[in-house]
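Got the viewer open? Let's take a walk through this one, stop by stop, with something to select at each.

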Amino acid sequence: MNFGSWVGGDRDGHPFVTPAVTKETLLLHRKAALALIKEDLIHLAKKISISAVSNPVPFQLSEMIQEKVSALGEMGKKAVERNHYEPWRQFVNLMICQLENTITENFEDSKTYYKSSKALQEDLKNLREVLVQNGFQSIAEDLLFSVERAVQCFGFHLAKLDIRQNSAFHDKAISQILKASGETDYDFENWEEEKRVNYLNQVLSNNAFITDVTISYGPEADNVLDCYRVIRQHISQYGAEGIGSFIVSMTRNLSDLLVVYLLMRETQLLNTKIRVVPLLETIEDLQNGSEILEKFLQHPITISRAKNLDGKQEVMLGYSDSNKDGGTIASKWNLHKAEIALSEIGKKHNTEIYFFHGTGGTISRGGGKYHRFLESMPEQTVFGTVKITVQGESVAQLFGNPMTAKYNLNALSSGTARHIIQNKYKTEKPQYPFDSMEFLAQKSFEHYRNLIETPGFINFYGKATCIDVLEKSKIGSRPARRTGTRTLQDLRAIPWVFSWNLSRIALTGWYGLGEALKILKSEKPQEYQQLKEAAQNWNFFKFLMIQTETNLILSNLEIMKKYAELDQNEEERNLLMDKFLTDHQNGVQLIEELFGEAALERRSGQYDNLKWRNQKLDVLHHLHLHYLQQWRNLDDENKLEKDKILNKLLSLINAISSGLKNTG
C-alpha cells in the first residue's frame, strides 16, 4: 500500500500553491520520512541486544560491519566502539550513521549515505538473513519487521506528491509561450481541437525546445514551467520516489493531455516515469472519456512511454463536479458506465486501466463504507490497483486510531482482492437492467437541472445556506470559487455540497430520485419492477439506493424550513421548498417500496444514531441561524464586530459538521 498527497501540489485554481511551495512540500515530506525511519532504527538499536559472548558471530555480519566502518571512517569507528560485544547492535548503529549523513545531506562519498530507500532496504534484508540463519527468527519478526515495513511504505519520500492543474491554465500557458516567441497566431486557448492536436504533434516530433529558461513568458507559463523544473531538480537530487502523477483537471480533449507532454518535454521530464492522468469531472466529460482515452493510448508518445509505466494507465474520476452538474443519481450512473467503457478501451490496447476515485467524505461525493463502495464497482474494472482520495475531515474518522484504521484498510484490501478473484473465476457476466437504470438516471438528471435552472435558485441558495461564510473561511484547501465570479459553474463542488448539508437540505445526495422513480413507475411499470428486483441482487443499484436513503434520513425537514426562511422572498422560497419537499417525500416512499420494508425498520441503527445527536444538533443549528442573520445584517463598516461573529460562525460550522459527520 502506497500513500499519496496533493497538498502543496494541487494548484487547480489555488493561487498560493507556487513552485516554491511545491519544492518546500517535497523537502518536508522527505525530512519527515527520514526522521520517522531514524526513530525506528534507534528503537531497533536499543532492543537488539544479542551478545557475541554467548552467540557465535556470523562471518557475513563481520564483513558487513567492516565494510561500513571503512566507508564511514571516524564516524564508523565511534559507532562500533560503543558496543564491543554486540555486533548486531553495531551494524544497526552504522546504519543510523549512514542515515544521519542522508538527513544532513553529507553526500561527499556515495558509500557514506543512502542514495535511496532501496539501499536501506537491502541493508535490512541482509540483517534479516543473518538473524534468521543464526536462529533469531523471532527477533527478526518482533523487532525488524516494523522497520522494514516503514521503509517499504514511506521510503525517503513519505507520500507521493501528485501535481494537479486545470486544463484551461495550461492553455493560457501555451498561448503566452506562442505570443512571447513572436507567433502572430498565438490564441491557443480558442483554437479548434484539430488545429491544437496538429500543432502539438508537430512541435513534439521536433527535438528543438520552444522555451528558454532565461525568458519570462507570462504568469501561467512561468508558473507551470517553474513547477515542472522544481520536479526535475528534485528528481535529479533525490530520485523520483516522491513524485506522483501529473493530473489534468477538466480534461475535455486529447490536446489537454498532449499539452502536458509538451511541457514535460520542455523541462526534460518526458523520459521519467511520471504518469499523465486525465481527470474526467463533468457528466459530459465522463461520457466522452473513453474516446479521449483511446486517442491518448494510441498516441506515439504514450506508446513509447508505456514500457516505463508497467503497461498501466491511471484515470481519475471526479465525483464532486459530476454531482453538481447533474445530481447524485446521474453522477453515480455515469461514473459506473465510464468505468466499464474506459476499462474496455484499456483491454483493447493491452493496457491495465486503474481508477483514481476523487471521492469526498459525504455520500453525495462518493463517501461511504469502503467495502460497499468496492462492491458497487462494475465487474472486470478493478484489477488490483485502486487509488482513492481521503478528504481532510475524513482522515480522523477513518484512520484516527489503530483499530479504525486497520478496519478500513482491511475493507479496502479485501474489497480489491474480491474483484481480483472474481475476475479470475467468474466467467458469466450477470445481466442487470441497464436500460431501466439509464431511464431513471436521465429523468433524475432532467429534474435536477430543472431545479438549478429555476429563476431565483441561486439567490435562494445564497440566502438559505452559509456559502457566504464558507467563502470567507480558511478551512478549505482551495478558494471556494475558481475565479471569484458568483455563478454556480464557478463554485467549487466541495463548498456546494458542504453548504447544503449544513442547512440540513442535503439535496446533493437525493434530489431527482423521487421524481425519477415516480415517472418510471407510472410510465414503465415493467422496468420499475426490474429495478425492484435489482435492489436485492445488483450491488451497484442496492448501494446507490441505500446511500440516497441515508441522505434522505439525514435531511431534517423542520431545520430545513428554518434555513429556507432566511430567504425573505416568499414566492421564491415557497416555489423551491415545494420542489424539495415533494421530491423528498417521493424518494422516501418509493425507496421503501423498492426494498419492501419501511426505512425505520431496516435502518434502525441510522435512526438511533441520529436521534442521539439531534438534540445537540438542534441547539447548534439555532445558534448558527441566529449568528448568520446577525452577521449578514451588519454593515461592512462594523468590521471588528463582524469578524467576531464570523469566528463564532466558523466554530459553529465546525461543530455542526462534526455532529453530522461526512458533510464535505
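Start by selecting strand S6 (residues 352-358) and S7: the two run parallel and are joined by two bridges. Strands here are DSSP runs of E with at least two residues, while helices are DSSP runs of H or I with at least four residues, and both are numbered from the N terminus. Two strands count as paired if DSSP finds at least two bridges between them. To see one bridge, click Phe-356, whose partner in S7 is Lys-387.

A word on ground rules: this is a predicted model, where local features need pLDDT of at least 70 and side-chain atom pairs count only at pLDDT 80 or more, while totals for chains, interfaces and linings use all residues. Residues are numbered from 1 along each chain as its sequence is written, and side-chain values use heavy atoms, with hydrogens and water left out.

**The sheet**

Now light up the whole sheet. It is open and parallel, with seven strands in the order S1-S2-S3-S4-S5-S6-S7. At its edges sit strand S1 (4-5) and strand S7 (387-388), each of which pairs on one side only.

Next, select helix H7 (residues 167-180), which packs on the sheet and touches strand S2 (160-166) and strand S3 (243-249). A contact means heavy atoms within 4.5 Å. The direction of H7 makes about 70 degrees with that of S2. For such angles, axes are lines fitted to C-alpha atoms, for helices over the stretch in contact, and the angle between N-to-C directions runs from 0 to 180 degrees.

**Into the sheet: S5**

Is S5 enclosed or open? Six of its seven residues are buried, so S5 is largely enclosed by the rest of the structure. Buried means under 20% relative accessible area, exposed means over 50%, and partly exposed is in between (1.4 Å probe, protein chains only).

Then show its partners. Strand S4 (residues 276-280) pairs with S5 in the parallel sense over two bridges, and Leu-280 has Leu-317 of S5 as its bridge partner. On to S6: seven bridges join S5 to S6, again running parallel. Pick out Met-316, which is bridged to Phe-356 in S6. You've met Phe-356 already, as the partner of Lys-387.

Add helix H13 (residues 319-326) to the view. H13 lies across strand S5 (312-318) and S6, at about 40 degrees to S5.

**Two helices crossing**

Keep H13 on screen and add helix H11 (residues 283-298). Their axes are 8 Å apart and the helices pack at an angle of about 120 degrees. H11 and H13 are therefore oblique to each other; angles under 35 degrees count as roughly parallel, over 145 as roughly antiparallel, 65 to 115 as roughly perpendicular and the rest as oblique. Where they meet, show Ile-283, Glu-284 and Leu-286 from H11 against Ser-322, Asp-325 and Gly-326 from H13.

**Single residues to click**

- His-170 is in helix H7. This histidine is buried, with a relative accessible area of 3%. Leaving out residues up to four places away in sequence, His-170 touches Gln-165, Val-224, Tyr-228, Val-248, Val-259, Val-260 and Leu-263.
- Asn-423 belongs to helix H17 (residues 402-425). At 19% relative accessible area, Asn-423 is buried. With residues up to four places away left out, Asn-423 touches Gln-380, Val-382 and Phe-383.
- Glu-105 sits in the loop between helix H4 (87-103) and helix H5 (117-133). Its relative accessibility of 34% makes Glu-105 partly exposed.
- Ala-506 is in the loop between helix H21 (493-502) and helix H22 (513-523). Ala-506 is buried, at 5% relative accessible area.

Why stop at those last two? Most residues other than glycine have a negative phi. Glu-105 has a positive phi of about 60 degrees, and Ala-506 has a positive phi of about 50 degrees.

**Zoom out**

Finally, show everything. How many helices and strands does the protein chain have? The count is 29 helices and seven strands. Buried residues make up 52% of the 664 residues. Of the contacts with a separation of 6 or more, 79% are between residues 24 or more positions apart. The C-alpha atoms fill a box of roughly 85 × 65 × 65 Å along the principal axes.
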